[in-house]
Amino acid sequence: MARNSSKSTAGSQAAGATRRLRAGIGIVLVLLLVIGGRLFLVQGLDFGGMAEAAVKQRTQVQTLAAARGEIIDSKGNVLARSVIRYDIVVDQTQNAIGEFDRKNAATGKLDTISRDQGIAELAAALGKSDEDVRTAVTGSRTFNYVARTVTPDVNDAVTKLAIPGIYSRPTTQRVYPFGAVAGGVVGFLGADGTPLAGLEQTMDSKLQGKDGQRSFQIGADGARIPYAPAQETPAQDGQSVKLSIDSDIQWYAQQAIQSQVDKVHAEWGNVVVVEVKTGRIIAMADSNAPDPNKPGATAAKDRGVRSVTAAYEPGSTEKMITAASLIQTGKATALEHVVVPPTYTINGQTFTDAFDHGYENRTLAGIVGFSMNTGTVMLGSRLTKQQRYDWLRRFGIGQRTGIELPGEGSGILATPDKWDGRQEYTVLFGQGVAQTTLQTAMAYQAIANNGVRLKPRLVDAYVDPDGTEHPVPTAPGTEVVSPKTAQSVKDILESTVTDGEVKEAKIDGYRVGAKTGTAESPADNGGGFDGYTASLVGMAPMDNPKYVVVAVVQRPQGSIYGITNGPVFTSVMSQVLRANNVAPSTGKPPHLPQFFDK
Amino acid sequence: MVTTPTRPKATGSTQVRTVSSPAALARARTLLRGFWPRLEGNGGAGGSSYYLILGATLALTVIGLMMVLSSSSVEAITTGESSYQLFLRQGIYAVVGIAAMLFLSRRKVRFIRGLAWPALFLALLLLVLVLAIGTEVNGNKNWIVIGPFSAQPSEFAKLALALWMGAVLYRKVSLLRRPMHVVVPVIPAAVIIVSLVALGHDLGTSVLIAIIVGAGLFFAGTPMKMFGVAGAAGVVFALVLAVTSANRMGRITAWLGHGCDNGQDVCYQSTNGIYALASGGWLGVGLGQSRQKWNWIPEAHNDFIFAIIGEELGLVGTLVVLVLFGILAVAIFRVVNRHQNEPFVRIVAGSLMIWILGQAVVNIAMVTGMLPVIGVPLPFISYGGSALVCNLAAIGVILSFARTKQESDLSTS
């Protein structure tokens, strides 16, 4: 530094200048080096993981929703499908502007639209009130629903309004084109898409598919950066579920049982139609069936499928099981001779019949044909208690069938050691034991199918999105009784129609076997009985049974003796036979004698 | 060359302490001793500095044009403009600037000295005009818009101030020990200019102008103790400026690591700049392929263009830019070094170098998060016509000094 005052010492001045120049360039170079070091840290080493943070900031992940599979009936009618709908949503912070510009398609110029006008237009497009829309779009939330599941038309209209902050998000809505037809069986979804009932619930894992994902990078304004890496995992759409249900017959059965329930003022009624050789459920009809499009309109207790959830005491239809076990164990034949007294007392328990009679010379067929409790107990007590229990179990009583519906009941079949003195006999004619309509149907299916009981099923096949069908094979059945025994029981059932008291089950052109049941139904409060359950179960055609139909009404009002499910049974069975082109019966009915001569 | 007197002492003491590798030490000492002569050049080939300056300047300008195109294209499309609009404008300014540079480089030192006073008055006039009819951009009022053209007089003021200081101080070199001669007239003029810029709320430019003034006084040979006083005053002045603006305080607290969580906007730019640099890694994502330029970085083509360079060209690209600035600094230093006895050249070229390099350092330090975000563009590279033209004109002045070396030597000998 030029400290001395001598002006003439140019050398010293030059030295000072040099030092300062060197200091200047030195500082500059050192700063450049420091910056270079910093760049090395930031770019070369990236200790803070900033590159990753940047990618994270720019990456947008979209869920590619898998399409939910359809539920279709055996004829291909769609019972449930998902349709594209749109949720109209708002970013309230972006909507909070006084006015905005919108290109006028007609003039090609920008129009200035006030927020109020925008709200009015949006309300009109959505068919809502201005106030509702204004409430929905005003505030500081970045996400709020303005309208949910609007149709593509409405969505188009809303999109054209180009209102800031208003977006639409594709979503799906589950629709059920057949409404209440098989409504309970098909089930429904909650508002958030959670399956809540029926096959929607049990088949969810097949139907829902697997959501895909798309990730890409965006600019701060949301535009996709074309050259940035992107990944896409396509969605795997759900499989469709093809049912054994025939929606025509289902509809018919629902109509039939509904009018029956209305006519007799019953609490409820149901009809189950089973295909004998396969265990396929052709119809499973309930009164007051829910419409899955608006399940809330149906009382909660009616939203399920009572054929599988409601167990009740079946009554005389159970006499078929008693007869089958007696014949199979060799303790009686169809034409076993029994002298039936007016009342029968055993172990202090007295049994009577629904009609008054003196001493009668009855065959087993006659006892079943006229539904005599006395004769049934007389013959049935030839079986040990354990045998009675085992045979009921063999016919599936007290066990869930494994049908693909939620909430299936197993019924109530207490073990013999828990039976009281009367119950050990009443189980022979279907009191003191409870079962579902489906269990009744499957017990009769076993007889109709030459003694082989099958697992009932609603699902015929799973269908891939590309149309490939994966049929569900029929599970091997269990032989309950021999074909010979089954034939004897079939003869008894047919004779019950031809010669016994179930003449209302007759169908022109077809040979029918059937049995009625009338049981006292235990009161819901547990105190005694407060009504009746009337049922009729039958099969046709008896030369080669193809279908079993059960019709049940619970707690009909009025005299139980005037009530018959015959018309329901015959109309549904006729419809099933006709619709499936079943040839009219051949051969002669067995006409087993109901009485014997001394 | 004169060697600094402290060096032998320092090396001597190190020698005593470390006895392990005298050979390595000797080598280091030789290297050190050779450092300054090597940096200063052999003094004979004046042409090499000329071409180094010209080459580095043109390289930086071309890199700038390229990066302005790359970094502005996406944002331009977003706002409905042509993606080439800013690039073409910058190209025109580059042509104008290079023309100005070549014109000035062909002028003699006397001519340039003659420009000093008119330039200062013009700068003052323009700065006053800015305050009167200027346009505010991002909180800074330092643009004059006339029709389709906009100019930033503060850029021109930097150049004018450097020239004027040279013209005033070179006559006073021997008087600078007396405070009055330092203070009058340089300090009043500087204070007026800095104040005018500061009134336009441009803290970054104010600080830079203060640095240029300091550099001019420093290279003129002003006693160091006066810098102490001036430095303290400058710090106080900058603090006052910072504290009086919420915007500036926000930027500074953001840089210090506070307020990032709640006030996203404040550190948004800085964070995204670092994101871009880090994304570039060693070799970059490729020219034109920056992701951060997709509206993530505000002013990507302007103050934060270095971040886009880092993302697209990687560490290699940023170091090339850094090296080019280094070459420019060393080459200017060599020119100045040869004109040690000519205070005008020394003062003007010295302050111009500090201007350009200082601005580059501040800008890059800001982008890399070492300084708060203050609106200072990167010389030659950032978008901005006034800045580019003035930067190139400054280089023109220095080139003129480089060319006139021989004549000036002849005249003094």
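Biologist: How many residues does the contact take from chain A and from chain B?

Modeller: Keep in mind that this is a predicted model. Both partners put residues into the contact, and chain B gives 64 residues. The number from chain A is 49 residues.

Biologist: And what area is buried between chain A and chain B?

Modeller: Interface size is often quoted as the accessible area that is lost when the parts come together. Here carbon and sulfur atoms give 71% of that area. The total buried between chain A and chain B is about 4,600 Å².

Biologist: Which three residues supply more than any others of the area that chain A buries against chain B?

Modeller: Together the trio accounts for 17% of what chain A buries against chain B. No other three residues supply as much. They are A:Arg20, A:Arg22 and A:Gln43.

Biologist: How many salt bridges does the rule find across the interface of chain A and chain B?

Modeller: Side chains of opposite charge can pair when their charged atoms come close. Over all chains, the structure holds 22 salt bridges. Across the interface of chain A and chain B, though, the count is 0.

Biologist: Which side chain meets A:Asp204 in a salt bridge?

Modeller: The N to O distance is 2.7 Å, inside the 4 Å cut-off for a salt bridge. The pair links distant parts of the chain, 136 residues apart: A:Asp204 sits in helix α9 (residues 204-208) of chain A, and its partner in the loop between β1 (59-64) and β2 (71-72) of chain A. That partner is A:Arg68.

Biologist: Over to chain B. Are α5(B) and α8(B) roughly parallel or roughly antiparallel?

Modeller: The axes of helix α5 (residues 109-133) of chain B and helix α8 (residues 186-199) of chain B come within 9 Å and cross at roughly 25 degrees. Angles under 35 degrees count as roughly parallel. So the answer for α5(B) and α8(B) is roughly parallel.

Biologist: How many residues of the contact of α5(B) with α8(B) are nonpolar?

Modeller: From α5(B) come B:Leu120, B:Leu124, B:Leu127, B:Val128 and B:Leu131, and from α8(B) come B:Ile192, B:Ile193, B:Leu196, B:Val197 and B:Leu199. There are no polar and no charged residues in this contact. The nonpolar count is 10.

Biologist: Back in chain A, which residue does a cis peptide bond join to A:Ala540?

Modeller: Omega for that bond is about -15 degrees. The partner is found in the loop between β24 (529-540) and β25 (547-554) of chain A. It's A:Pro541.

Conventions: Residues are numbered from 1 along each chain as its sequence is written. Chains are lettered from A and ligands numbered from 1 in the order in which they are written. This is a predicted model: local features need pLDDT of at least 70, side-chain atom pairs count only at pLDDT 80 or more; totals for chains, interfaces and linings use all residues. Side-chain values use heavy atoms; hydrogens and water are left out. Axes are lines fitted to C-alpha atoms, for helices over the stretch in contact, and angles run from 0 to 180 degrees between N-to-C directions. Helices (H or I, at least four residues) and strands (E, at least two) are DSSP runs, numbered from the N terminus. Angles under 35 degrees count as roughly parallel, over 145 as roughly antiparallel, 65 to 115 as roughly perpendicular and the rest as oblique. Contact means heavy atoms within 4.5 Å. Ala, Val, Leu, Ile, Met, Phe, Trp, Tyr, Cys and Pro count as nonpolar, Asp, Glu, Lys and Arg as charged, and the others, Gly among them, as polar. Buried area is the accessible area (1.4 Å probe) that two parts lose on being put together, summed over both.
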